[in-house]
Amino acid sequence: MSTSFFQFSVRTVINSGAGSRTLLPEMIKGLGGKRAVLFTDKGLTQAGITAQIKELFEIMPGTPELVGVFEDIEQDAKGEIINRGARFFKECNGDSLIALGGGSVLDTVKGIKWMLHKGLDDIRDSLLTGNVMEWWPEAQYIFIPHVAIATTAGTGAEVSPVAVILNEKLGIKTNLLHPFINADMAILDPDLTVGLPPKITAFTGFDALTHAVEAYFSQKANPMTDAYAIQSIRMIVDNLETAVRKGDDLSARANMLMASSMAISAFCLAMNAVPVHNMAHALGAKFHIPHGLANAVLLPNVMESLPTYYLPRITGFAQALGITNPSVQPEKCLEEVIQFIKDLRKTVNLPDTFGEFEYNEETLLQLVPAVHNDPAGVFYKIPATIITKVINEVFEVPAIKA
């Protein structure tokens, strides 16, 4: 592995710790911003989180100013809302971006940043395929100061150079990759996550775990992505249950935020086959299942159904999970790992099936092409028989045919 070529870059400066949000005005000022626009969602405004950020600028008069708050962002980073957000930014004569929220908000702001950089009127006209990727050095730095404040510990979108954007015109989700759409600085303040409900804390944590898993088992994994993936796995195993059961534990909350950022960094920098995410995207789109919950249900079933993909590195993964004396036989070790993940999922009260979601057999039959057409499947095509096997398990239905 050490002789193979790879490129590793973590650009966003991470500011971690309780109260770190108070540094926000100075960050904007240091980045050269004078007129900041805050982007968030109504849920965070109702929870009082938006007010906490606005207050930072009110108690520090002068520059930088907070010249506008856009709070109309919804689940999934929708192209139409990105267009509105970009127009709002221009109307406010803004010069810097603040993203406050979970993955949808953070990805929406990345889309706005890219749209402003490109001088676009409608971002959807430039997102016509499942993957739009621009690489350095062709992709150049975007001179718009940008700070991201994570309010969930799952997506890691505050540091990732990828935004998943819904093009409603075409009915597709596009992975937009650009090495400079991620934030210049990220704030990981556990104070802002203590109000997150237990179930959301649990399934966003499993989203982070799945990022780490798929990074570790990627054929593009390298020693640096392994370092991030393995440490994030350890931190999730050590802290997720506490964060779920004792939501005001700032240490557990802070560790989950750090683990989330590390996991997505490994995931993006080892991007290759991602079978769990591949299926989670397709199922999430069909049944409106939250992405983290989809990953949580699918993860052990996908690992069990694709043993040859996971067996070569399973021992190291078992050690990262903290399994004492894992079996020296890879097949047996994989069984131990899968049981460990199922036990962790049960401990944080997440389901093992999608029984709470409505579906019919006709829709389930559409899932094989949906998985194959998902942009995440470009590197690795899951056999149709495996997809149907997993679908039968997670929906608890009589066997459907591939």
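**Cysteines, a helix face and a loop proline**

Cys268 counts as buried, at 16% relative accessibility. Cys92 is buried too, with a relative accessible area of 12%. Both values fall under the 20% cut-off for burial. The model is a predicted one. Taking sulfur pairs within 2.5 Å as disulfides, the count comes to zero.

Turn next to helix H12, residues 314-321. Which of its residues are buried? They are Ile314, Phe317, Ala318, Ala320 and Leu321. These residues cover an arc of only 160° around the axis, which puts them on the same side of H12. The helical repeat helps in reading this pattern. An α-helix has 3.6 residues a turn, so residues three or four places apart point the same way.

What covers this buried set? Several helices take part, including H6 (198-216) and H7 (223-245). H10 (291-305), H11 (307-310) and H13 (330-347) are also among them. Just after H12 comes Gly322. Its phi is positive, at about 95°.

The last stop is a loop. Pro375 lies between helix H15 (367-373) and helix H16 (384-395). Is Pro375 buried or exposed? Pro375 is buried, because its relative accessible area is 14%, under the 20% limit. Leave aside the neighbours within four places in sequence, and Pro375 is in contact with Gly130, Asn131, Lys173 and Asn175. Gly171 offers a further reference point. Pro375 and Gly171 are 204 residues apart in sequence. In space, their C-alpha atoms are 13 Å apart.

Definitions and conventions:
Residues are numbered from 1 along each chain as its sequence is written. This is a predicted model: local features need pLDDT of at least 70, side-chain atom pairs count only at pLDDT 80 or more; totals for chains, interfaces and linings use all residues. Side-chain values use heavy atoms; hydrogens and water are left out. Buried means under 20% relative accessible area, exposed over 50%, partly exposed in between (1.4 Å probe, protein chains only). Helices (H or I, at least four residues) and strands (E, at least two) are DSSP runs, numbered from the N terminus. The arc is that of the directions from the helix axis to the C-beta atoms. Contact means heavy atoms within 4.5 Å.
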